[in-house]
Amino acid sequence: MPTLPAQLANFIDGRFVPPAGGAYLDNIEPATGAAYGVVPDSDGRDVQAAVDAAAGAFPEWSATPAGERARILLRLADLIDANLDRLAEAESTDSGKPVSLARAVDVPRSAANFRFFATAILHTSSEFHETDIASSGPSPSSGQSGRAINYTLRRPRGVAGLISPWNLPLYLLTWKIAPAIATGNTCVAKPSEVTPMTAHLLAELFGEAGLPPGVVNIVHGTGLGCGSEIVRHPEVPTISFTGSTPVGRWIGETGGSMLKRVSLELGGKNPFIVFDDARLDGPAGAIETACRAAFTNQGQICLCGSRLLVHRRVFPRVLEQLAEMARAMRPGDPRDERTQLGSLVGAAHLEKVDSLVKAARELDGTVHCGGARPDPASLPARVRAGAFYLPTVISGLNPSCRVEQEEIFGPVVTLQPFDDEDEAIALANGTPYGLAATLFTSDASRLHRVASVLDAGIIWANCWMVRDLRTPFGGMKQSGVGREGGWDAVKFFTEAKNVCVRL
Ligand code: NAD
């Protein structure tokens with residue numbers, strides 16, 4: 001394993017610096033339960049220093065030609081690729097996810113985020129409207145005649161506050177940093193205090209990539225002690241947040257009262273619908289895909305399909321085969337390249353997941369497999385004290401009970417049968433969330449009909465988690481406000497100015 005720094009530091013104005021208050025939090029490896037380093041427990045003073053650095057760097061960075069900004073971001077992407085092993089091993093150690101997953105998904109996607117926005121800014125165009133003044137509608141200009149042209153300028157907004165969660169640490173942090181700085185903003189980024197390591201390692205690459213000091217500042221610490229200081233800071237007009245719905249609600253209220261622009265990517269309780277005409281078996285069939293959608297990253301992806309809705313005719317078959325697949329998945333040491341199922345992010349989160357499974361039992365749900373921690377003797381000696389949980393399949397719950405309504409964010413999937421399309425749609429839409437939905441059917445008309453009425457910002461049909469970075473990403477209802485990705489991200493991080501010129 002690579003040697004990871006034992007004491008992390010904030011990265012402000014191009015330098016690693018200790019927290020002003022000198023306080024640190026333990027950084028725990030969830031697969032062992034042991035602290036393997038410390039992370040700054042920053043406060044308002046550190047946030048102030050980071051905002052000062054970002055504000056100081058803004059005039060020059062925002063005036064840097066797009067082609068030069070793109071070159072720097074592309075170099076950063078190449079450096080991430082060159083450090084693939086070190087970053088993947090760090091992500092796995094810090095979060096408990098299998099190193100194979102971090103190597104195949106988290107780290108390559110982080111490089112892709114920089115590449116995508118580096119090139120996007122070279123290819124975006126601006127809106128243009130030609131106006132016939134006389135027929136442009138009643139206005140004080142009605143007496144005028146002739147033509148005018150309108151064009152829209154897009155300018156960076158200043159210092160962006162970027163706050164990200166622990167489940168895809170580098171992947172989601174770079175999904176915010178890349179569009180923010182590509183469009184000419186500078187930023188103060190706060191990774192989750194639970195998984196800070198890869199943000200620190202990323203900062204080690206900034207200088208080599210040629211990123212000027214102050215463009216990206218990273219402040220580590222808790223949500224209350226440090227994240228809230230970013231949200232409340234008057235010189236941070238833009239906040240991009242990914243995390244839980246309760247925290248998002250507070251950020252929305254606080255940022256809204258200060259008239260900030262806020263993007264909120266929040267929790268989900270995503271339905272995965274299997275119609276009786278779907279291809280069930282084989283690779284990429286409905287059952288294998290449902291299994292991946294439920295248990296990838298130990299079920300800790302906001303897009304996981306945690307509510308499996310299955311047509312009654314095929315319900316017994318889907319339930320039986322899914323439970324069989326889940327039983328065959330054995331948690332192992334995340335460092336082992338063969339491990340498919342790692343540890344949850346920590347002991348406290350494991351308790352939360354387990355308490356919802358206990359609630360399912362009390363509500364007369366049937367737990368077909370899992371529903372417990374693995375026998376420690378079944379785990380390699382190094383990870384016997386880790387936060388492991390067996391893949392869990394539950395049926396028989398009332399769709400309105402809390403286990404079917406609350407986000408569990410762990411390796412737990414519940415199944416509900418349905419009799420027809422209307423019932424499937426009602427069940428799918430019957431939670432406060434609206435992030436993602438998946439449906440499997442071989443009937444093209446049904447596919448488009450159902451997709452059009454599902455309450456979800458992201459819909460996959462006959463696939464799951466296929467991502468094109470140009471598409472709008474985000475949720476409705478309690479899953480968030482706003483969209484990230486592609487043109488939406490460019491718009492979010494820029495201020496539109498319409499210029500109207502009478503010809
Ligand atoms: P969380 O809301 O507890 O924390 C997210 C981040 O916000 C962390 O960096 C945390 O320190 C910070 N934070 C906490 N309180 C804060 C406050 N008052 N002010 C400012 N910052 C604060 O979420 P989590 O447990 O880290 O992540 C899991 C959640 O994230 C799940 O609900 C999951 O669905 C959601 N998520 C959503 C998406 C999406 O794209 N919609 C993606 C990944 C995760």
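How many of the 7 residues of strand β13 (residues 305–311) are buried? In this predicted model, residues are numbered from 1 along each chain as its sequence is written, and local features need pLDDT of at least 70, side-chain atom pairs count only at pLDDT 80 or more, and totals for chains, interfaces and linings use all residues. Side-chain values use heavy atoms, with hydrogens and water left out.

In strand β13, 7 of the 7 residues are buried, so the strand is largely enclosed by the rest of the structure; buried means under 20% relative accessible area, exposed over 50%, and partly exposed in between (1.4 Å probe, protein chains only). Strands (E, at least two residues) and helices (H or I, at least four residues) are DSSP runs, numbered from the N terminus. Two strands pair if DSSP finds at least two bridges between them, and β13 pairs in the parallel sense with strand β12 (residues 270–274) over 5 bridges, where Leu 308 of β13 is the bridge partner of Phe 272. Strand β13 is also joined by 5 bridges to strand β16 (residues 412–418), again running parallel, and here Val 310 has Pro 417 of β16 as its bridge partner.

Leu 308 appears again in the largest nonpolar core, which has 97 residues and in which Phe 114, Ile 181 and Leu 308 have the most contacts; a nonpolar core is a set of buried Ala, Val, Leu, Ile, Met, Phe, Trp, Tyr and Cys residues joined through side-chain atoms within 4.5 Å. When neighbours within four places in sequence are left aside, the residues in contact (heavy atoms within 4.5 Å) with Phe 114 include Leu 73, Ile 80, Ile 177, Ile 181 and Leu 202. A second, separate core of 21 residues includes Ala 53, Val 231, Val 262 and Leu 264.

The structure also holds 30 salt bridges, each being a side-chain nitrogen of Lys or Arg within 4 Å of a carboxyl oxygen of Asp or Glu. One of them joins the side chains of Asp 78 and Arg 115 (2.8 Å, N to O); because Asp 78 lies in helix α2 (residues 66–82) and Arg 115 in helix α4 (residues 99–123), this pair ties together parts that are 37 residues apart in sequence. Asp 78 is partly exposed, with a relative accessible area of 45%, and Arg 115 counts as partly exposed at 28% relative accessibility. Arg 103 and Asp 85 also meet in a salt bridge (3.1 Å, N to O), and a network of salt bridges links Asp 85, Glu 89, Arg 103 and Glu 337.
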